Amino acid sequence: MSLSPSIQHYINGHNLTLTTSTQKGRTMVATEYHHRGSIIITSQPLATVSVSDDYCQHCLRQSRKTDGGYTPLQRCSRCKSAYFCDMDCFKSAWINYHRYVCGDGDWRTCDEELLERAVCSLIRYKQHPYTPTPNNLDSLPPKETLDITMEAFSCLQDHLDDQPAHITQQLFDLADKVLQRPYIQQQALHYGIDQTTLVRLQSQFQCNGMSVQDEHLFVVGEGIYPVASFFNHSCRPNAAAVFDGSLLLIKAIEPIGPGEEITLAYIDIGRSRGYRQRILRDRYFFTCDCVRCSDQGWLRLLDKMVGEDEEDEEEDISNFVISKPYSQQHQQQQRRRKKTDQLDTLRQHINHWDLLTLSRQYDRLKNIHPDPSQSLTLGTFTHHMLQLFTPYVWSVNNPTLHYTNDQSLYSTTSCSMMDSIPASSSSITNTPPVSPSSIYTPLPAPVSPPHHPPASPSSTPSPSTSTSPPYSSIFLDNGFYAQFDDPCPTAAQPPIQHDYQSILTKAMETCLSFPANPHSTNIPSTGDGLLSIPVFRLSTLAGVHHLFYEAMENKHWPFAVKCGLYILIQYCFLYPPYHPTMAHHLAMLAKTGWNFIVQDSIREKVYARGVRRWIALAKETAKLAFGTRDCHYKEAVNLEWLFRREHQLVLG
Ligand SMILES: [Zn+2]
Ligand SMILES: [Zn+2]
Ligand SMILES: [Zn+2]
């Protein structure tokens with residue numbers, strides 16, 4: 001179907017173009033560079049339905065932040081069962097839909113309410129069609145006016161012919177029911193909206209519906225977002241949908257160059273290959289051929305590594321129609337239902353895991369590997385991977401994350417001082433004198449050149465920078481050199497240093513080289529007398545996820561930190577580094593790490609350095625995944641401030 005000029009204008013105005021190929025169908029392609037963290041385009045819903053009374057029925061926000069704190073939701077005084085932010089939301093909701101159902105006492109399923117809301121929108125649009133004025137066409141970037149949403153919706157595929165007979169029958173039944181509603185019946189007849197129209201609508205909803213999430217990634221509703229539906233799916237997407245109330249924002253989570261396709265994930269990419277393929281086939285009617293699913297893709301080893309052994313593998317998916325029963329919330333609930341014996345084994349691994357010893361043992365400078373003839377434990381797996389590829393999956397793209405850059409906290413030194421210390425004079429065994437103001441022992445310079453070439457000093461160097469800076473330092477904007485805080489381990493060094501694809505590939509190959517027994521948990525072969533567990537499998541991730549929440553609820557911070565670190569490693573494989581799920585987890589890990597330090601009065605520098613890193617990464621990922629107005633970013637900034645203020649109190 002060809003696109004109308006106003007949709008073309010809207011899309012092109014956001015530096016995008018829709019192209020069609022016989023192989024991939026319609027693809028959304030960038031025409032200009034979209035930097036990581038930028039909002040590529042926004043998408044208005046055709047209709048949404050909230051899944052809980054805790055959220056405004058109109059805008060899906062929980063409560064609104066004002067100068068005086070949070071304002072609770074207001075209840076409709078007539079029906080006393082619907083909640084709204086304020087009078088504005090109530091008025092809009094009343095005009096759109098609530099006036100029809102206020103106080104009628106009928107219970108509707110999500111599918112039913114979504115269909116009714118969409119039909120009401122269609123009728124209203126037919127009554128008051130929107131005609132764009134020349135002003136609207138001139139604004140840059142163009143605004144998504146109602147005609148664009150409506151026309152985009154009419155372009156969406158419905159795959160009705162692909163639906164199995166029993167599903168089609170359900171769609172017809174619901175269409176009949178909705179058409180009998182008094183507020184729909186007459187108008188629908190008048191505008192030629194019949195049973196077939198409603199059946200097609202529902203089928204469109206099924207293969208284009210999206211779960212609306214709040215800032216904590218809890219599912220708060222379901223919605224139809226026609227413009228967002230133009231983007232294709234990938235299990236390794238370069239963009240992600242985040243929500244501002246019910247408005248969908250498509251954010252670049254990778255830098256996207258002109259000519260590159262922009263992709264979103266329709267489903268949780270933390271799931272197994274079999275599960276993803278099944279949902280994509282049964283609900284969206286296509287077979288995924290992304291870099292993770294394709295035999296030639298660079299991420300093809302990942303599903304081999306994480307396996308298929310998900311607990312809810314046998315979950316019945318034959319009965320769903322439109323509502324996604326696979327929301328993250330639901331998955332978390334599913335994942336928390338774990339067998340007690342598996343959890344007991346995991347607890348043993350975590351209790352046995354000595355964070356301090358392993359942190360020292362797997363120090364980046366030492367390049368020590370676990371015994372390749374033994375199964376990995378949760379601890380050795382996590383520390384080995386931490387050593388191998390975090391934080392490099394982030395810092396390959398942002399070298400400043402890799403260096404100490406806070407003079408008040410870390411071992412920075414002025415240009416003239418640095419010039420007097422040639423890099424070659426440091427060796428791996430000597431330790432430079434500790435600056436009294438620094439809580440961290442400055443690390444010796446790495447023997448080999450670091451991971452990144454030194455940043456070149458400004459083009460007009462002052463006399464003190466006339467010699468090139470040592471490899472172990474970076475020239476900062478504030479005129480200081482920072483020492484290289486986190487030297488890259490040999491395994492992650494050239495030729496793969498600028499490419500996280502290579503770092504991850506190397507890590508996946510490493511994991512798969514260890515003996516693993518994915519289907520048995522009763523062979524004591526870890527070398528520590530622990531029962532062997534399939535450490536990098538999804539079933540293990542699900543179990544540790546359960547224990548992580550349990551430990552946080554019980555304020556058992558040392559235990560929670562270990563769970564959080566393990567989950568981080570698994571997420572580094574499963575999600576792109578700046579994916580919202582990653583940002584959310586890093587925020588929890590940073591808080592958990594900080595609580596651990598405070599609660600146990602930890603005085604070990606190795607912990608402090610780790611927690612500082614998780615705070616920095618939480619801040620960086622939250623900024624790019626959610627934006628600086630989001631709670632994750634603000635929390636990370638607060639935590640950073642606390643850390644600076646308290647570190648000397650805590651660490652002495
Ligand atoms: Zn609202
Ligand atoms: Zn009401
Ligand atoms: Zn895929």
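In β13, the bridge partner of A239 is A252. Six bridges join β12 (239-244) to β13 (residues 247-252), and the two run antiparallel. Strands here are DSSP E runs of at least two residues, and helices are H or I runs of at least four, numbered from the N terminus; two strands pair if DSSP finds at least two bridges between them. This is a predicted model, in which local features need pLDDT of at least 70 and side-chain atom pairs count only at pLDDT 80 or more, while totals for chains, interfaces and linings use all residues. Residues are numbered from 1 along each chain as its sequence is written, ligands are numbered from 1 in the order in which they are written, and side-chain values use heavy atoms, without hydrogens or water.

**Sheet**
- An open sheet is formed by three strands in the order β3-β13-β12, with antiparallel pairing.
- β3 (39-43) and β12 stand at the edges with a single partner strand each, so one side of each has no neighbour in the sheet.

**Zinc site**
- The zinc ion (ligand 3) has the protein donors C235 (SG), C288 (SG), C290 (SG) and C293 (SG), at 2.2 to 2.3 Å; donors are N, O and S atoms within 2.8 Å of the metal (3.2 Å for Na, K and Ca), and water is not among the atoms, so sites may look incomplete.
- C235 lies in the loop between β11 (232-233) and β12, and C293 in the loop between α9 (273-284) and α10 (301-306), so the pair ties together parts 58 residues apart in sequence.
- The donor residues of the zinc ion (ligand 3) follow the spacing C-x52-C-x1-C-x2-C.
- Both C235 and C293 are buried (under 20% relative accessible area, with a 1.4 Å probe and protein chains only).

Methods: Buried < 20%, exposed > 50% of the residue type's maximum accessible area, 1.4 Å probe, protein only.
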